[in-house]
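Visitor: I am new to protein models and would like a close look at just one part. Could you take me through a packed pair of helices and then show me what surrounds them?

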Amino acid sequence: MAIHHETLAIFFGILGNIISFLVFLAPLPTFYQIYRKRSTQGFQSLPYVVALFSAMLWIYYGLVKNDASLLLIIINSIGCVVETIYLAIFLVYAPNKAMLSTIMLLLLLNVFGFGAIVLSTLKFTTGSLRLSVIGWICLVLNISVFAAPLFIMKQVIKTKSVESIPLSLSVCLTINAVMWFFYGLLLKDYYIALPNTLGFLFGIIQMVLYLIYRNAKTQEPMKLQELNGHTIDVVKLSTMVPSEPNHVTKSGAVTETASNV
């Protein structure tokens with residue numbers, strides 16, 4: 001029975017890797033525009049910085065866990081490479097102010113923040129306690145990321161417009177959450193399984209809202225980015241100021257976060 005569970009976990013993990021890889025590639029059109037126009041066009045770097053931070057944490061978690069974590073390490077290693085490339089392109093074409101703020105974010109979160117987590121867990125924890133501490137950090141980060149679509153759902157209900165819901169991406173992220181949920185569940189790794197239950201739940205709610213309001217009159221959309229750079233159409237709400245973890249750009253676009261694991 002244990003072998004059967006492990007085989008199923010590998011199956012769901014491979015599917016999760018494939019879907020997550022496609023999600024990581026979703027921002028390519030955005031960065032092609034940045035490259036073609038030689039400008040970041042008001043896009044924010046924060047989603048990519050957070051995505052890189054998340055991938056780094058999951059790699060550390062996988063290395064500490066060691067047991068049955070190869071698939072987790074592989075996809076997040078790919079994520080680190082992809083997000084680093086995105087950030088490098090962003091830094092090349094960003095104006096000075098955005099470039100400096102991005103460098104500060106990278107230093108604060110990905111260098112000092114991640115470094116502090118690694119050093120403190122290595123120094124003050126051992127064995128299963130170390131794994132639990134890292135697991136809880138990853139779990140809390142993922143839950144906060146998965147909660148981001150709450151703002152979008154609120155706007156859909158308020159405006160009765162589905163312009164802020166990228167249906168194909170929502171379906172993809174929902175399936176991705178299902179794959180990683182079963183991967184974590186079969187391995188009895190609840191740090192992976194639990195946050196993905198929220199990813200699945202919020203994904204289903206978004207698709208239900210899409211079905212309810214898909215025929216409603218829509219307002220003129222504008223471009224908005226999610227964590228990992230997924231570019232989606234959203235209703236322009238320049239007078240609305242969303243709470244964290246969504247962010248408003250100078251152009252009035254709202255950035256929403258999303259997770260891959």
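At roughly what angle do helix α4 (residues 70-93) and helix α5 (residues 96-124) cross, and within what distance do their axes come?

Guide: Happy to help! Please keep in mind that this is a predicted model, where local features need pLDDT of at least 70, side-chain atom pairs count only at pLDDT 80 or more, and totals for chains, interfaces and linings use all residues. Residues are numbered from 1 along each chain as its sequence is written, and side-chain values use heavy atoms, with hydrogens and water left out.

Now to your pair. Helix α4 and helix α5 cross at roughly 145°, and their axes come within 8 Å. Here an axis is a line fitted to C-alpha atoms, for helices over the stretch in contact, and angles run from 0 to 180 degrees between N-to-C directions. The crossing of α4 past α5 is left-handed, meaning that the near helix is turned anticlockwise from the far one by less than a right angle (clockwise would be right-handed). On the α4 side, Leu87, Phe90 and Leu91 make the contact, and α5 brings Ala98, Met99, Thr102, Ile103 and Leu106. Contact means heavy atoms within 4.5 Å. Sorted by type, the residues of this contact are seven nonpolar, one polar and no charged. Ala, Val, Leu, Ile, Met, Phe, Trp, Tyr, Cys and Pro count as nonpolar, Asp, Glu, Lys and Arg as charged, and the others, Gly among them, as polar.

Let us stay on α5 a little longer, since phenylalanine 114 sits in this helix. With 17% relative accessibility, phenylalanine 114 counts as buried (buried is under 20% relative accessible area, exposed over 50%, partly exposed in between, with a 1.4 Å probe and protein chains only). Leaving aside residues up to four places away in sequence, phenylalanine 114 touches Phe53, Met56, Leu57, Tyr60 and Leu109. Methionine 56 is 58 residues apart from phenylalanine 114 along the chain, with 7.9 Å between their C-alpha atoms.

A second pair is worth setting beside yours. Helix α8 (residues 167-186) packs with helix α9 (residues 190-213) at an angle of about 155°, with their axes 8 Å apart. That makes α8 roughly antiparallel to α9, a label for angles over 145 degrees (under 35 is roughly parallel, 65 to 115 roughly perpendicular and the rest oblique). The crossing of α8 past α9 is left-handed. Among the residues making the contact are Trp180 and Phe181 of α8 and Phe200 and Met207 of α9. The contact of α8 with α9 divides into 15 nonpolar, eight polar and no charged residues.

The loop between α8 and α9 holds lysine 188, whose phi is positive, near 55°, although this residue is not a glycine. Most residues other than glycine have a negative phi. Lysine 188 counts as exposed, at 62% relative accessibility. Arginine 38, in the loop between α2 (28-37) and α3 (46-65), also has a positive phi, of about 55°. Arginine 38 is partly exposed, with a relative accessible area of 47%.

Finally, step back to the whole chain. The protein chain has nine helices and four strands, taken as DSSP runs numbered from the N terminus (helices H or I, at least four residues; strands E, at least two). Of its 261 residues, 50% count as buried.
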